[in-house]
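Let's take a walk through a protein model and see which side chains pair up and which ones face outward. Have the structure open as you read.

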Amino acid sequence: QPEKLNIFTENLSSEKMAVRFEAPFSGIASVNFASTDIISSRDVIVNKGPNEFVVDTPKGIEPGFHTLMVLKRPVSKGSEHLPQFALGTHWIEVLSKKRKIDLTVTAKKKIRSNETLTIEFSTNSKKDVFFFPKHVAP
């Protein structure tokens, strides 16, 4: 059974991002960035414990991409260790400003059971469309 890798990323600039994870053992990490296809791939030698490396941030891939990682500890014939594997994935959201909707919801914090609940919505969108299911009280 492979171990789990918890992968974290941080944008360092518009061009670079840091990939961080805790390796359960030393080995070789194969790192892939993928959306509908593999964007890039590289192998990194890692040590047991916390690891970090910097990569170029893939561009123009909306709504985002996956970071996929396989860590393996290779063994040679006669080694006392069995091969080990660890797997991890992390979704990185990439949305242009025009695709992000800022939504503000305003309502009274307390209402009485005989009052009508009024909720106000506002967005940065030029066209607001809301769909509300019809609620029928029992």
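## Charged pairs and a greasy patch

Start with Arg20 and Glu52: their side chains meet in a salt bridge, with 3.0 Å from N to O. Arg20 sits in strand E3 and Glu52 in strand E6, so this pair ties together parts that are 32 residues apart in sequence. Keep in mind that what you're looking at is a predicted model.

Why can such pairs form at all? Side chains of opposite charge can pair when their charged atoms come close.

Arg20 and Glu52 also belong to something wider: together with Glu10, they are linked in a network of salt bridges.

How many salt bridges turn up in a search of the whole structure? The answer is four. Another of them joins Lys16 and Asp56, whose closest N and O atoms are 2.4 Å apart. Here again strands E3 (residues 16–23) and E6 (residues 49–56) are involved: Lys16 lies in E3 and Asp56 in E6, so the pair ties together parts that are 40 residues apart in sequence. Glu115 and Lys108 make a salt bridge too, at 3.8 Å from N to O.

Are these charged residues buried or exposed? Here's how several of them come out:

| Residue | Relative accessible area | Class |
|---|---|---|
| Lys16 | 36% | partly exposed |
| Asp56 | 51% | exposed |
| Arg20 | 27% | partly exposed |
| Glu52 | 47% | partly exposed |
| Glu115 | 33% | partly exposed |
| Lys108 | 56% | exposed |

Asp56 counts as exposed because its 51% is over the 50% cut-off.

Now for a residue with a polar partner. Asn32 is in strand E4, which covers residues 27–34. The side chain of Asn32 is joined to that of Ser41 by a polar contact of 2.7 Å. Which residues does Asn32 touch, leaving aside its neighbours within four places in sequence? They are Ile38, Ser40, Ser41, His66, Thr67 and Leu68.

Finally, look for the nonpolar side chains at the surface. Ile101, Leu103, Val105, Ile111, Leu117, Ile119 and Phe121 make a nonpolar patch of about 630 Å². Two strands, E9 (103–107) and E10 (119–123), each supply at least two residues of that patch. Where does Ile111 fit in? Ile111 is found in the loop between E9 and E10. With a relative accessible area of 39%, Ile111 is partly exposed.

Definitions and conventions
Residues numbered from 1 in each chain as written. Predicted model: local features only at pLDDT ≥ 70, side-chain atom pairs only at ≥ 80, totals over all residues. Heavy atoms only, no water. Patch = residues over 30% accessible without salt bridge, like charges linked within 9 Å, V, L, I, M, F, W, Y side chains within 5 Å. Areas by Shrake-Rupley, 256 points an atom, 1.4 Å probe, with all protein chains shown as cover. Helix = DSSP H or I, 4+ residues; strand = E, 2+ residues; numbered from the N terminus. Buried < 20%, exposed > 50% of the residue type's maximum accessible area, 1.4 Å probe, protein only. Polar contact = N/O pair within 3.5 Å; in protein donor to acceptor, adjacent residues only side chain to side chain. Contact = heavy atoms within 4.5 Å.
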